[in-house]
Amino acid sequence: MELPKGRARRGSRSLPYVLLSPGMLWLVIFFLVPMATLAALSLQTGDYEQGFTLTWNWHIYSEMWTRYGHHFIRSFSYAFVATVAALVIAYPLAYAIAFKAGRWKNLLLVLVIAPFFTSFLVRTLAWQAILADNGWVTSTLRSLHFPMQDGRLLNTSFAVICGLTYNFLPFMVLPLYASLERIDPRVVEAASDLYARPITAFRRVTFPLSLPGVVAGTLLTFIPAAGDYVNATFLGSPQDQMVGNVVDKQFLVSNDYPIASALSMTMLVAILILVSLYIRRAGTEEIV
Amino acid sequence: MTPTAGAPAGDLRLVELTKDFGSAVAVDCLSLTIPAGSFFALLGPSGCGKTTTLRMVAGLEEPTSGRIYLGDDDVTDRKAYKRPVNTVFQNYALFPHLNVFDNIAFGLRRRGVKDVKAQVDRMLDVVELQGFGVRRPSQLSGGQQQRIALARALINTPQVLLLDEPLGALDLKLRRQMQLELKRIQTDVGLTFVHVTHDQEEAMTMADTIAVMNNGKIEQLGSPVDLYENPSTVFVANFLGQSNLVAAQIVGTQGADLLLDVQGRKLTMPAARNCATGDSVYVGVRPEKVRLVPAGASVDLPGHNVLDGVVIDASYTGVTTQYVVRMAWGQDLMVIAANVGNEVRLTAGANAHLVWDASDTFGLEATGDIAEGIETIDEAGS
Amino acid sequence: MATTLSRPAARAASAAPARRPRRQSWLRRHVVQIFAAVALLYMFLPVAYVIAFSFNNPSDRYNSTWNSFTFSNWTDVCGPAGVCDSLKLSLEIGALATLGATVLGTLIAFALARRRFGGRATTNLLIFLPMATPEVVMGSSLLTLFVNLQVPLGFWTIVIAHITFDISFVVVTVKARLQGLDSRLEQAAMDLYANEWQTFRRITFPLVFPGILGAALLAFSLSFDDFIITNFNSGQTVTFPMFVWGASLRSIPPQVNVVGSIMFVASLGLALVGQVFYRRRRA
C-alpha cells in the first residue's frame with residue numbers, strides 16, 4: 001500500500017541540528033582539530049625543550065620514510081595476514097552460529113564474545129605465556145619437529161600475527177554473523193532446488209549475500225591490527241616492531257614530535273586510502 | 001481543546017483537499033461529506049490516494065491545501081493527538097512493549113483518565129477477548145491483534161474511526177468473519193467509520209456508502225447497489241465487479257430508449273442510463289446479466305439485445321460457469337451463468353448468442369481507455 | 001510452496017550416505033561445526049590460561065609457570081600496590097566516558113535515523129572517520145592538541161579521549177535500533193492522544209532503550225579496556241590496562257589474572273542474565 005514517508009511538521013526543521021550539535025561539536029574539537037594539529041606539527045621543526053615552529057618542513061616525510069618505511073610495510077603485511085586468518089577462522093564460526101546452532105544461537109554468540117571481555121592486555125600476556133619457549137605448546141611442537149622460526153614461537157612474526165588475529169576476532173565474527181543471519185535459508189534451498197550443489201550454492205548465493213559482513217569485518221580487523229603495537233611488544237622480537245611502536249616511542253620517550261606526527265599522519269592517510277579503495281572495490285557504501 | 005468523548009458527532013467534511021509529494025499529486029482537490037454515524041468506504045487501487053486522505057483526516061499528514069471539518073470544527077491545523085479521531089492501522093501498530101491491557105488503555109491514560117479498568121474490560125468484551133489483558137501483542141494471532149487494534153481505537157469513542165486496510169493482513173476466511181464483526185460493532189456503537197480498502201467485496205459488504213477513488217480523485221460516490229448497478233465511469237464499471245464494455249454510436253431514439261450501433265449490430269439502451277454527452281459511447285452490461293444461448297435457438301425477444309460470437313473458453317467455478325465469447329470484430333466478452341441445473345453447457349468452439357434485457361444496458365463517456373480500472377495484478381497480498 | 005522447495009534438499013541429504021562410507025560423510029556433513037569448534041577452542045585457550053593462573057602461587061616474577069594451587073590471589077585481590085587503585089580509576093573513567101558518549105551519540109543517532117536534513121552525508125562521514133582511524137593516530141593527535149593547549153595530561157584528558165572514540169560506536173548501535181523501529185508505532189501513539197513528548201517517553205524511548213543500553217555497555221567495555229589511546233593521554237595517571245602494561249615490564253602479580261577472570265565471568269553472567277530477561281519478556 002501507499003506509505004508516504006517523512007512528514008515535515010512545522011517547527012521541527014531545526015530539531016536535527018539541535019540534536020546533532022553537541023556531539024558534532026565534540027567530534028570537531030576532539031577529533032578534527034587534533035588531526036589538524038597533528039598535520040601541522042609534522043611540518044614543524046624545533047625540539048621539546050625549546051618548542052616547535054612551523055617551517056613547512058616537508059622533507060620530514062622522506063626522512064621518516066627512509067628511517068621507518070619498513071615498519072609501514074611490516075605493519076600492513078602483518079595486518080593483512082592477520083585479517084585473512086581472522087576471516088578464515090571467523091567465517092565457519094559465524095556460519096555455524098547463524099545456520100547450524102538452532103536454539104543455542106544466542107548462547108554461542110555470548111560465548112564467542114565473552115573471551116574478549118578479559119582485558120586486551122591480560123589476554124595478550126596470556127599468549128605470551130602460552131607461546132613461551134619453555135611452555136607446553138612450544139615443546140609439543142618441537143617434539144613433533146614442526147617447522148618454527150629459530151625453533152621457537154615467542155618473539156617471532158608468527159606470534160605477533162597470531163596475537164593480532166586473536167585479539168581482533170570478534171570484530172570479524174560479529175559483522176559476519178549479522179549478515180549471514182539475515183539470509184533467508186529458503187534462498188539457499190531454492191539454489192539447491194535449482195541444481196546447485198552445496199559448494200556452488202555457497203559460492204553463488206550464501207557468500208555474495210554475506211559480502212557486506214565480509215567487508216565490514218575485514219575493515220574492523222585490518223584497521224586496529226595495522227595500528228596496534230601491544231602484540232608486537234609482548235609477542236614479537238625487536239625485528240617485529242610495527243609503526244605503533246615507533247609512534248609511541250617517538251612521542252612518549254624521545255619526544256621527537258615532528259617525526260612522530262609525520263608517522264601518524266602517514267598511517268592515517270595510508271589507512272584512509274586503502275579503506276576507500278577497498279570500499280569502492282567491494283561496492284558497499286553502506287557500512288556505517 | 002481536548003476531544004471530549006461522546007461529543008455530538010458532526011459530519012466529516014473534506015473541502016478541496018489536496019496533497020502533493022513533490023511533483024506527484026496524491027490527493028487532487030477532493031471534496032467530500034461523510035455523514036455522522038455512517039460506515040463509509042474509500043475504495044481504490046493502490047496509489048489512488050485513499051490512504052493519504054485517511055492520514056490527513058487522522059492528522060498524520062499535512063494537506064498541501066484544503067480544509068478538514070468535523071461538524072463545525074476546522075481541525076485542519078490540529079495535531080493528531082488533539083483530534084477526536086482514531087485509526088486502526090494497516091498492520092495494527094500495536095505497541096510491542098506493552099501488554100494488551102496497556103495498549104487498549106493508552107489513549108484514555110493520555111487524556112488523563114485514571115480509572116481505566118472497567119472501560120478496558122468492557123472493550124475486551126466487545127471484541128470478545130476477555131482475559132487477554134496480560135498478554136503481549138506478539139502472543140496473539142493476526143485476528144486477535146486486529147481486534148485489539150480495534151478496541152484500542154474504539155475505547156476512545158472517537159467522532160470518526162479510521163480503518164486503514166484493517167483486514168489486509170488476515171487470511172480470506174478470517175477476513176469474511178471480521179467484516180461481519182466490524183459491521184456489527186459499527187451498528188452497535190453508532191460511530192462514523194471511514195474504511196480504506198482496495199478490496200471491492202470488502203467495501204461492498206460493510207459500507208453504507210462507497211467512494212471509488214482513482215488518481216487522487218473521487219470517480220463516483222454512492223451505495224454499493226447504486227455503484228454496481230449504475231457505474232458512471234469506465235473506471236468504476238471495470239474496478240467494481242466486471243463489465244463488458246464495447247464502443248458504440250448513438251444513431252437515434254425510440255421513445256425512452258436510445259438506438260445504438262455496435263460494429264453494424266443494433267442495440268437499445270434506456271436513455272436514462274446513458275452517462276455520455278456525445279454520440280460516441282461505451283456501452284456496457286454486467287456479465288451475469290447476459291444469457292448465453294446456443295446458435296440457432298430463437299432469440300427474437302422484444303426489449304432484448306443480442307450479439308453473436310464464438311465461445312473460446314468455458315471455466316466451471318462451482319456456483320457459476322464463466323464463458324469468454326469472441327465477437328466477430330475480435331473483442332472478447334464475458335458471460336457468467338449461474339449453475340442452476342437446467343442450463344445448456346456450451347464448450348469452446350460453439351457458436352452462441354449473447355442475450356440480455358435492454359434495460360440492463362448502460363452507457364459511459366467514451367473518453368480514455370476502455371480497460372481502465374481492470375486490475376491486471378492481483379493485489380490481494382499487498 | 002515451502003515443502004516443494006525443501007524436498008530436494010532433504011532428498012539429497014538422505015541420498016548421500018547411501019553412496020559414501022558412513023564415517024566420511026559424517027565428517028563431511030559436520031565440517032563447518034568442526035571448524036567452528038576448533039575456532040572456539042582457539043578463542044578460549046588464553047581465557048582458560050588466565051583463569052588457571054589466577055589460582056597459581058607464582059615462583060617467578062611474571063606468573064608464567066605453574067607452581068602450586070592457591071586461593072590467596074582471589075582473597076587478596078587488592079594486595080599488590082596499584083591493582084585496585086587502577087581498577088577503581090578505570091571504572092570511574094569508564095562510567096564518565098560511557099555517560100558522555102551515550103548522551104552525545106544517542107542524540108546524533110536520533111537526528112540521523114528519524115530526520116532528513118542538509119548535511120547528513122557530512123555527519124555520516126564524521127561519524128565513520130573515528131572508527132576508521134587507528135588508535136595510535138587518534139591517541140597521538142589528541143596528545144598534540146593537549147600539548148599545544150598546555151592541558152595537563154591525566155584523568156580528564158583520558159575521559160575526553162574515551163568519549164571521542166566511543167561516540168561513533170554509540171551512534172551506530174543506537175541508529176541500527178532506531179531504524180528497526182516501525183514509525184507507525186509513533187503515529188499510532190499520536191493518534192491516541194499522546195503529544196510529541198509523551199510519544200517519545202511512552203513509545204520511542206522504551207522501544208529504543210535496549211539499543212541505548214547495548215551501546216552504553218559497548219562504550220564502557222571499549223573505554224575500560226583501552227590501552228593505546230589512554231597511553232598517549234594519561235600522563236602519570238594509571239588505569240588498569242596502564243597498570244598491566246607497566247607490570248609486564250617489571251613483575252606481573254597473579255591478581256591481574258584474577259581481575260581478568262572476574263571481567264570474563266561478570267560479562268558472561270551479565271550476558272546470560274540479559275538473555276533470560278529478554279526471553280522472559282518475549283514469552
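Between chain A and chain C of this predicted model, the buried area comes to about 7,700 Å², and carbon and sulfur atoms give 80% of that area. The contact itself brings together 88 residues of chain A and 84 residues of chain C. On the chain A side, helix 1, which spans residues 15-42, provides the largest share, with 21 residues. Sorted by class, the side of chain A that touches chain C holds 64 nonpolar, 15 polar and nine charged residues. The count of salt bridges between chain A and chain C is zero, although nine residue pairs in polar contact are found across this interface, both partners being at pLDDT 80 or more.

Chain A also contains a hairpin, formed by strand 1 and strand 2 with three residues between them. Strand 1 covers residues 44-47 and strand 2 covers residues 51-54, and the two pair in the antiparallel sense over four bridges. Within this pairing, Q44(A) of chain A is placed opposite L54(A), a residue of strand 2.

Chain C is also in contact with chain B, where 31 residues of chain B meet 20 residues of chain C. The area buried between these two chains is about 2,300 Å², with 59% of it given by carbon and sulfur atoms. In chain B, the residues that lose the most area to chain C are Y81(B), H97(B) and R110(B), which together account for 31% of what that side buries. One salt bridge is counted between chain B and chain C, and in it the side chains of E196(C) and K79(B) meet with an N to O distance of 2.7 Å. The polar contacts between the two chains number eight residue pairs, again with both residues at pLDDT 80 or more.

Several elements of chain B take part in this contact with chain C: helix 1 (50-58), strand 6 (85-88), helix 2 (100-110) and helix 4 (142-154) each supply at least two residues of the side that touches chain C. By class, that side of chain B is made up of 15 nonpolar, nine polar and seven charged residues.

Turning to the interior organisation of chain B, the chain is divided into domain 1, residues 12-229, and domain 2, residues 234-380. The centres of these two domains, taken over C-alpha atoms, are separated by 37 Å, and the contact between them takes 16 residues from domain 1 and 13 residues from domain 2. Together the domains bury about 1,400 Å² between them, 53% of it on carbon and sulfur atoms. On the side of domain 1, H198(B), Y228(B) and E229(B) lose the most area to domain 2, and together they make up 42% of what that side buries.

One of these residues, E229(B), also forms a salt bridge with K289(B), in which the closest N and O atoms are 2.7 Å apart; the count of salt bridges between the two domains of chain B is one. Across the same domain interface there are six residue pairs in polar contact, with both residues at pLDDT 80 or more. Helix 6 (200-206), strand 9 (209-214), strand 10 (217-222) and helix 7 (224-229) of chain B each supply at least two residues of the domain 1 side. The residues of that side divide into seven nonpolar, six polar and three charged.

Chain B further contains an open sheet of four strands, whose order is 2-1-4-5 and whose pairing is antiparallel. Its edge strands are strand 2 (24-34) and strand 5 (73-74), each of which pairs on one side only. Strands of a sheet pair through backbone hydrogen bonds, in either a parallel or an antiparallel sense. In this sheet, strand 1 (residues 12-21) and strand 4 (residues 65-70) of chain B run antiparallel and are joined by five bridges, and V15(B) stands opposite R67(B), a residue of strand 4.

A last position to locate in chain B is A169(B), which is found in the loop between strand 7 (160-164) and helix 5 (172-189). If its neighbours within four places in sequence are left aside, A169(B) is in contact with N91(B) and Y92(B). The C-alpha atom of A169(B) is separated by 23 Å from that of V85(B), a residue 84 residues apart from A169(B) along the chain.

Notes:
Residues are numbered from 1 along each chain as its sequence is written. Chains are lettered from A and ligands numbered from 1 in the order in which they are written. This is a predicted model: local features need pLDDT of at least 70, side-chain atom pairs count only at pLDDT 80 or more; totals for chains, interfaces and linings use all residues. Side-chain values use heavy atoms; hydrogens and water are left out. Contact means heavy atoms within 4.5 Å. Buried area is the accessible area (1.4 Å probe) that two parts lose on being put together, summed over both. A salt bridge is a side-chain nitrogen of Lys or Arg within 4 Å of a carboxyl oxygen of Asp or Glu. A polar contact is a pair of N or O atoms within 3.5 Å; within protein, one must be able to donate a hydrogen and the other to accept it, and residues adjacent in sequence count only if both atoms are side-chain atoms. Ala, Val, Leu, Ile, Met, Phe, Trp, Tyr, Cys and Pro count as nonpolar, Asp, Glu, Lys and Arg as charged, and the others, Gly among them, as polar. Two strands pair if DSSP finds at least two bridges between them. Domain bounds come from an automatic or database domain assignment.
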